[in-house]
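This report describes the arrangement of chains, domains and secondary structure in the model shown below. The model is predicted.

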Amino acid sequence: MAQANTRVLPGYRLSISFTLVYLSVLVIIPLGACVITAAQLSWDQFRAAVWTERARAAYALTFGAALLAAAISAVVGLLVAWVLVRYEFPGKRVFDALVDLPFALPTAVAGLVFSNLYVANGWLGQFLVPLGIEGSYSRLAIVLVLVFIGFPFVVRTLQPVLEALDAEAEEAAALLGASRWQTFRRVILPALMPGLLTGFALAFARGLGEYGSVVFVSGNMPLKTEIAAFLIVSRLEEGRPNSYREATAIATVLLVASFLMLIVINRLEARSRRG
Amino acid sequence: MTTPAAIPDLLPTAPGAGGAGAPTRQSPIANRKSQDPLWVRVTLTALALGCMTVLVIVPVVSVFYEALSDGLGTYWKTLTADPDTRHSVLLTLTVAPLAVLCNLVFGVAAAWAITRFRFRGRTLLVTLIDVPFSVSPVVAGLMFVILFGLQGFFGPWLRANGLQVLFTVPGLVLATTFVTLPFVARELIPVMEAIGPDEELAALSLGASGRQIFWRVTLPNIKWGLLYGIILCNARAMGEFGAVYVVSGRVAGETCTMPLQVEMLFNEFNTPGAFALASVLTMLAVVTLLLKVWVEGRKKQDSPQRHESHTKEHKEE
Amino acid sequence: MSITAQNVTKRFGDFVALDDVTVECPAGELVALLGPSGGGKTTLLRVIAGLEVPDSGTVLFKDDDITKHSARDRNVGFVFQHYALFRHMTVFENVAFGLRVRKWAEPRVRDRVLELLRLVRLEEKAGLYPANLSGGQKQRIALVRALAPEPKVMLLDEPFGALDAKVRSELRDWLRRLHNELHVTSIFVTHDQEEAFEVADRVVVLNKGRVEQTGAPVEVFERPANGFVMDFLGNVNKLPVRVEGGRALLGETGTVELPGRVFGASENGRTDAYVRPHELDLARTADGGNCLLARVLHVNPAGSVVKVRLWAEDFGLMINVDITPERYRALALKPTEPVYITPKAEAVSDTDYAI
C-alpha cells in the first residue's frame, strides 16, 4: 500500500511541529503582519495610497507587461518545446539544458545584460534602435526581460505533455483526411491547452512580482516605466512617517491581485481539462 | 519561483514529473517526426533556435565578452581589487548556504510529515508551502521590514535589547530563506510519495529506530532528489535580488550580496566591474546547469519502478 | 506462540476494512487469510504486525496484549507483497539489516546471513542489488530477511501474488517445508483458494471486513459455512430453490430435489442452493424421476474430468456438470442434444442442510 494511514512510523510529532513552527515564523506571521499593517490605514488613507495616478500607471504597466510577456512566452515556449520533443538536430541536448538557464541565472545578471544588449550601441540595439525599436529603458525592455524569465516555465510544463501525447490520435486525424494544420489545431492544441495555460500562469505570476531584472532595464520613470514592485521600494525609501504603511498598502494590492489571478487561471485550467 | 518544481499539480506521483530537461526521449517520437514536411521542420527548428539564441545564448556570451573585453588581467584585477566586491562574494557564500541549510531541514521534515502520515489540513499545508512562490520578492522583503523595522512589530523590542535583524546577515538569511522555502520540500514530496513507505515500514518491523530508518533507509533512497532540490534552492538563494534588496539597506562592504553589488556597480557606472561580477554569477549558473543535468541522470536511475497492482487491496480503502 | 486478534475494527474514512473481527492462530500453525480483494485480509495482517493501528480491539501474542506496542518491538517477521527490499543495499545487507539494528557482532551477523542465504540457495547473489534479482529471488530474500532476527511470528502479505505460475508453486512447496522445519507461527494472506488449501493448516475466510468461516482446509471445502464461502471457493452451480419439508426443490413449482447446500431461506422458503458440478450426473433416460431435462451447450473433454455445460430451458438456468471420461464416452454426448441431469447417488446422502 502506498499510503501510511496511521501514525505507525516514528517522527510524526517532531516533523509536523517543526514544519508548522517554521511555516508560521517564515510565512504566516510575516503575511499576517503585512495585512495588519495595511489595515491600520483608514479607508481614505488606503485609497489615497493605492490609487494615485502614479500607482495606477504602475499597476497597468506591471499587469500589462506581465500579461504580454506571458503570452509571448507561451508562443515561444510552445515552439521551443515542440522542436525539442519532435525534431532531431545537432546540439539538441545542449539547447535542452540551456532552457533552464533563466532559472539558474540571477535576475540581476539578466537585467544587466539585457539593458546592455539593446542600447543604441549594444549588440542587438545597433540594428534595432535605427528602426525605432527601443529595447532598453522602455516598456518593451520590461516585456523582453520578462519573456526571458518566463518562457522556460512554458517549455518545462509542455515537454512532458508533448511526450505523452497519443500518436494514434494524430494518425487517426490524418487518416480521416485532416491536414497537418487541422490536426494541430483540432487534435494537438486542445490536448496541450492545460499545460499551456499552466505554463502561462506560472510565467505570468513570476512576471507580476519580478523586480531584479526589471530595475536594470526599465529606467524606472514614474508614470512611464515604473512597475509596482519598484513603487513599493521607492515608497519605503521615502521615510515619511506613513510611507511604509503606504508601501504595505500597495504590496497588499499586488498580493491580492496575484492570488486572484492565480485562482482565475486555475479555474480556466480546470475547465479546459474537463472539456 | 525559478523552477519547474513549481508546476502546480500538488503531488505528482512520478518522480521529478515536470522535473525538467530529460534528454532521453526517443522511442515513439522518432517515427512521428516524419509526419511534418521538411520545410515545416526546418522552419520551426530555425525559429526555435533563433529564439533561444536571442534570448539565452547571446546574453550569456555577451556577459563574458563584456567582462573580458579588456583582457584577462584587467578582468582579474577588476574582480579582486575592490574590497566591496570581495566582501559581496563572501557574503553570498555565507547567506546562501545558511538559507539552503534551513530549507533543507524544513524540506525533509515537511516531506516526512506530508508523505508518511495522514492528518487534517494536509492539503492546506502543501498549499502553504507554495505561498512564497506567488509572493513578489519585494513584498517578501517588505514583510520582514514590517516585522523587524524600527516602526514594525518587533523592531522596538529588538532595539531595546540591542538586537538588529534588518541590515544584518540574519535579515538577509531570513529573506533569502523565505524566497527559497519551497524548493527542497517541493522536490522531495513527489519523490517520497513515489517511493512509498514500505521500505521504512519493513525497517521498522525489523526493529530499526526512527533514526536508523532515516539514515539507513530513507536518506539513501532520496539522496539524488534531495541534492537536486539543494542545487535549485542554492541557485535561487545566490541570485536572489528583490527580497534582499529591501532588507539589506544596501550598505556596500557590509550587506551587499553579489547581485546587489552588481547593481551597485552598475549604478556607479562601473560597467566593467558589474560585468566582471556578473560573469562570476553566470559561471555559477552554468555550473548549476551542469550539476542539474548530472543529478537528473542519477535521479532517473534511482527512481522506483511503479507497480500497477501495488496498492491493489488498499486502494479502495 | 499463538496470535489472537480480538474484536478488531478498522475504518479508512467511510470504508470499513475490518468489522469486529476475531481470529485465532494457534502456536506453530500456518494460517491462511483467504478472501477477495478489499476483504480486509491485508489490513488484518498489518494490524497484527503493528503497521496499522486498529480503531478498536486488541491483538494478543500468547497472553500478552501488544495492541499498543510499536511494530518495532513486536519481533514480527513481515514479508511485503512487493517485497519492500532496501533498493540501495546488497542482498547481504538486506538480510543483515535486522541483525545490525540489534547490534549483533559482525561474525555472528555473517554466519547468520550466510546460513540463511544457503537455506534459499542464493548465497552467490549476496553482493547483488535487489534490482538485479528475479521476482522469485526477491521473494526468497524478503522471506529470509524477515526470518533473520528469529521472529516469534511470521506474517506474509500475498507472498506469491506477483510471481508467475511455476515459481509460485515451487515457492509454495518450499514455504510449507520451511514451516514444517521451523514451526514459527505464521499467517499469510492470499486470494487464491488453491494456495490456501494446499499450504495452510487452517483457513480463515474474510469478506467485507468480516470473518465468514474458520477451519481446516478440508472442513471449509467440505462444509462451507454460507453462500459466500461456497461461491468464493468457486466452481459451483447456484440454483434458485424453494425449501419444503426439509427438501430443496428446484424453481417455483419444480419437483426436482437437489443434493446441494442451502443457506437460510426466506418466509416462503425461497433461497439458493449450491451444487458442485461433480455432485451431479448425466443420464440419457429419466429413470427414477428426480431429474432435470437440459440441452448440452458445450463440452470440454480436456482434463481428468469432462466439463459439460448445459442449458435447462424450463428454468432458464445454466448448469455445469463434471463427469468422468468413461462416463462421457459411454454417453457419447453431442452439443444441442437433450439429456437428463440427476443428483449423483452417493452425493445425496452426504448432503447437509443448514436451513
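How many bridges join strand 16 (residues 292-300) of chain C to strand 19 of chain C, and do these strands run parallel or antiparallel? Four bridges join them, and the two strands run antiparallel.

## The antiparallel sheet of chain C

The pairing of strand 16 and strand 19 of chain C includes Ala294(C), which stands opposite Val339(C) in strand 19. Strand 19 (residues 338-343) of chain C is also joined by four bridges to strand 15 (residues 280-283) of chain C, again in an antiparallel arrangement. Within strand 19 of chain C, Ile341(C) is the bridge partner of Leu282(C). Strand 16 of chain C is further linked to strand 17 (residues 306-312) of chain C through five bridges, and these two strands run antiparallel. Here Asn300(C) has Lys307(C), in strand 17 of chain C, as its bridge partner.

These pairings belong to an open sheet of five strands in chain C, with the order 15-19-16-17-18 and antiparallel pairing. Its edges are formed by strand 15 and strand 18 (317-323) of chain C, each of which pairs on one side only. On average, neighbouring strands of this sheet are turned by 45° against each other, direction ignored.

## The mixed sheet of chain C

Chain C also holds an open sheet of six strands, ordered 6-7-8-3-9-10, in which the pairing is mixed. Strand 6 and strand 10 (210-215) of chain C each have a single partner strand and stand at the edges, so one side of each is left without a neighbour in the sheet. From one strand to the next, the twist averages 15°.

At one edge of this sheet, strand 6 of chain C is joined to strand 7 (residues 153-157) of chain C by four bridges, and the two run parallel. Val79(C) has Leu156(C), in strand 7 of chain C, as its bridge partner. Helix 4 (residues 135-147) of chain C lies across strand 6 and strand 7 of chain C, and its direction is at about 170° to that of strand 6.

## Overall organisation of chain C

Chain C contains ten helices and 19 strands. Its C-alpha trace spans about 80 × 45 × 35 Å along the principal axes. Of its 355 residues, 41% count as buried. Among the contacts in chain C with a separation of 6 or more, 65% involve residues 24 or more positions apart.

The domain assignment divides chain C into domain 1 (3-225) and domain 2 (235-350). Taken over C-alpha atoms, the centres of domain 1 and domain 2 of chain C are separated by 41 Å.

## Domains of chain B

Chain B is likewise assigned two parts, domain 1 (27-68) and domain 2 (72-304). The centres of these domains of chain B, taken over C-alpha atoms, lie 32 Å apart. Their contact involves six residues of domain 1 of chain B and seven residues of domain 2 of chain B. On the side of domain 1 of chain B that touches domain 2, five residues are nonpolar, none is polar and one is charged.

## Helix 9 of chain B

The 14 residues of helix 9 (residues 182-195) of chain B should span 20 Å at 1.5 Å a residue, and the end C-alpha atoms are 20 Å apart, which agrees. Helix 9 of chain B is mostly covered, with 14 of its 14 residues buried. Gly196(B) follows helix 9 of chain B and has a positive phi, near 80°.

## Contacts between chains

In the contact between chain A and chain B, 90 residues of chain A meet 92 residues of chain B. On the side of chain B that touches chain A, helix 2 (residues 38-68) of chain B gives the most, with 16 residues. This side of chain B is made up of 60 nonpolar, 21 polar and eleven charged residues.

The contact between chain C and chain B takes 23 residues from chain C and 21 residues from chain B. On the side of chain C, the elements that give two or more residues are strand 2 (15-25), helix 1 (41-49), strand 6 (76-79) and helix 2 (91-100) of chain C. By class, this side of chain C has 14 nonpolar, six polar and three charged residues. Strand 6 of chain C thus appears both in the contact with chain B and at an edge of the mixed sheet.

Key. Residues numbered from 1 in each chain as written. Chains lettered and ligands numbered in written order. Predicted model: local features only at pLDDT ≥ 70, side-chain atom pairs only at ≥ 80, totals over all residues. Contact = placed C-beta atoms within 7 Å. Nonpolar A, V, L, I, M, F, W, Y, C, P; charged D, E, K, R; others polar. Domains from an automatic or database assignment. Pairing = 2+ DSSP bridges. Expected span 1.5 Å × (residues − 1). Buried ≥ 20, exposed ≤ 12 C-beta atoms within 10 Å, placed from the backbone. Axes fitted to C-alpha atoms, helices over the stretch in contact; angles between N-to-C directions.
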